[in-house]
Amino acid sequence: MSLDVIYEHMHKIMREKINSIVSKATVIEPTMKVSQVISKMAGSNTFDAFCRKNNATFNVNIRDLLQSKDITRMSVEPFFNTVPSLSENSTVEEAVRIITHNRIRSAPVVKGDQVVGIVESKSILKLISELDNKWIKANQFFTPNPIVIDKQTPLSTARRIMTDKRIDHLPVVNNNKVTQVLTSYHLLQTILPRERVGKKDIGATKIRNLESPVGNLGTNRMASCSPLDDLSTVLSTMLHANTTFCLVTLRSGLQGIITYRDILNLLVTKQKSAVPLFVVGMPAEDNSDIITRKFTKTLDRLAKVYPDILEARVYVKKLHGTGSRYNYEVSTLIATPTKRNSFSTTNYDLSKAFDELSSIILRKLSKRAKRRYKISIRKMV
């Protein structure tokens, strides 16, 4: 099933106002220590916290806090990320755009100079679950071949994987079977100091925890489905189990994983082009429209030599960089009736990353198109 059809199916939800799904936000101050923020987030059972400063909205989330080295002394402010905000009249589509681009689980709602609420991914998933989604199968949107670890993997390694890859779920495998899933929330608990423990002991406890193996840390409350289960079944399973993920298995073997982000990607904005184009995670920068238009022209050129392209999907992933610079990973999936073509590249300059990707796509797919044409001529002769 084409993403184009799914997009139209979700169109009504995207146009809905957010006012019916706004919930309470976890608001913090920039002067707070990391340990204080972690405690507050743990108390409210939230992945994101928000702050207003100098007329801007900032986010800090559990995954980013995993990088902290001295949580009792270090201020939380170095971990702040600027994020766009919603108003009370914003739409679900705007909320999805903020959540998917910033790889967070909620979008802030601001009134005046205060964060007055959030729109959570889970609330949007509940709206989607009210639709008839039985014709959308898990194999159309799950993330295949997820990174897995075993029980002997050091927690420090798990932390590095999560922060480098910007993911929040690591299935733990023992004898080719998933026994539990380690999440960023569980990992964050290992660096929380015990109350009323001396400073020297706090540091020692942290080091000991991070150097120890994963063991049984994580959750064994796991939602699961098969590749051919429908979206309605996936949503029902995740919401009933109250998990942020669903493992995709086949004959007890792990095929992939579905997270909130994978489902929200179904609501991404379609771009105007000859080839249906869907872009996920494009940052709200001054030149983002220019970049998208340039890539659209690439697809239009490609369609002339490769006319059976069904659709193209582009995913922009902001990786950690240095200072105010970020390294971008841009990947694309170009679908034809017989094959799904995947390409990716990384660059600190988003525009250059798209130019590199365009060059790769035109070079490789044009060659394939020429080979196909020669083969068809031979068959005719």
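# A tour of the model, starting at the end of a helix

Start by selecting R103: this residue follows α4 and has a positive phi, near 55 degrees. Helices here are DSSP runs (H or I, at least four residues) and strands are E runs of at least two, both numbered from the N terminus.

Before you go further, a word on what you are looking at. This is a predicted model, so local features need pLDDT of at least 70 and side-chain atom pairs count only at pLDDT 80 or more, while totals for chains, interfaces and linings use all residues. Residues are numbered from 1 along each chain as its sequence is written, and side-chain values use heavy atoms, with hydrogens and water left out.

## Zoom out

Show the whole chain. You have 12 helices and 18 strands to find your way around. Of the 381 residues, 49% count as buried (under 20% relative accessible area; exposed is over 50%, partly exposed in between, with a 1.4 Å probe and protein chains only). Switch on a surface if you like: the chain exposes about 19200 Å², and carbon and sulfur atoms supply 48% of that (areas are from the Shrake-Rupley method with a 1.4 Å probe; for residues, only the protein chains shown count as cover). Among contacts with a separation of 6 or more, 61% are between residues 24 or more positions apart (a contact means heavy atoms within 4.5 Å).

## Back to α4

Now select α4, residues 92-102. How many of the residues of α4 are buried? The helix is mostly covered, with 9 of its 11 residues buried; among them are V92, A95, V96, I98 and I99.

Show the side chains of E93 and R97. They form a salt bridge, with the closest N and O atoms 4.0 Å apart (the rule: a side-chain nitrogen of Lys or Arg within 4 Å of a carboxyl oxygen of Asp or Glu). Both residues sit in α4, 4 residues apart, about one turn of the helix. An α-helix has 3.6 residues a turn, so residues three or four places apart point the same way. The two partners are covered unequally: E93 is buried at 7% relative accessible area, whereas R97 is partly exposed at 42%. Add R15 to your selection, and you have a network of salt bridges linking R15, E93 and R97.

## More salt bridges

The model has 8 salt bridges by this rule. Next, pick K53 and E77, whose closest N and O atoms are 2.3 Å apart in a salt bridge. K53 belongs to strand β2 (residues 48-53) and E77 to the loop between α3 (62-65) and β4 (81-82), so the pair ties together parts 24 residues apart in sequence. Both ends are partly exposed: K53 at 29% relative accessibility and E77 at 32%.

Now select R63 and D168, which meet in a salt bridge at 2.9 Å, N to O. What does this pair tie together? R63 is in helix α3 and D168 is in the loop between α6 (155-165) and β9 (169-174), so the bridge joins parts 105 residues apart in sequence. Are the partners buried or exposed? R63 is buried at 1% relative accessibility, and D168 is buried too, at 5%.

## Rings

Time to colour the aromatics. A pair of aromatic rings is described by the distance of the centres and the angle of the planes. The count here is 2 aromatic pairs (Phe, Tyr and Trp rings, the six-membered one for Trp, with centres within 6.5 Å; planes under 30 degrees apart are stacked, over 60 edge-to-face, the rest tilted).

Select F58 and F80. Their ring centres are 5.6 Å apart and their planes are at 25 degrees, so this pair is stacked. F58 is in strand β3 (residues 56-61) and F80 in the loop between α3 and β4, 22 residues apart. Both are buried.

Then go to F295 and F354, an edge-to-face pair: 5.6 Å centre to centre, with 85 degrees between the planes. F295 lies in helix α11 (residues 288-305) and F354 in helix α12, so the pair ties together parts 59 residues apart in sequence. F295 is buried at 1% relative accessible area, and F354 is buried at 4%.

One more ring: show R105 and F47. The charged end of R105 sits over the ring of F47, 4.1 Å from its centre (the test: NZ of Lys or CZ of Arg within 6 Å of the ring centre and within 35 degrees of the ring normal).

## Last stop

Finish on K367 in helix α12, residues 350-380. K367 is partly exposed, at 49% relative accessibility. Draw a distance from its C-alpha to that of V305: the two residues are 62 apart along the chain, and the atoms are separated by 9.6 Å.
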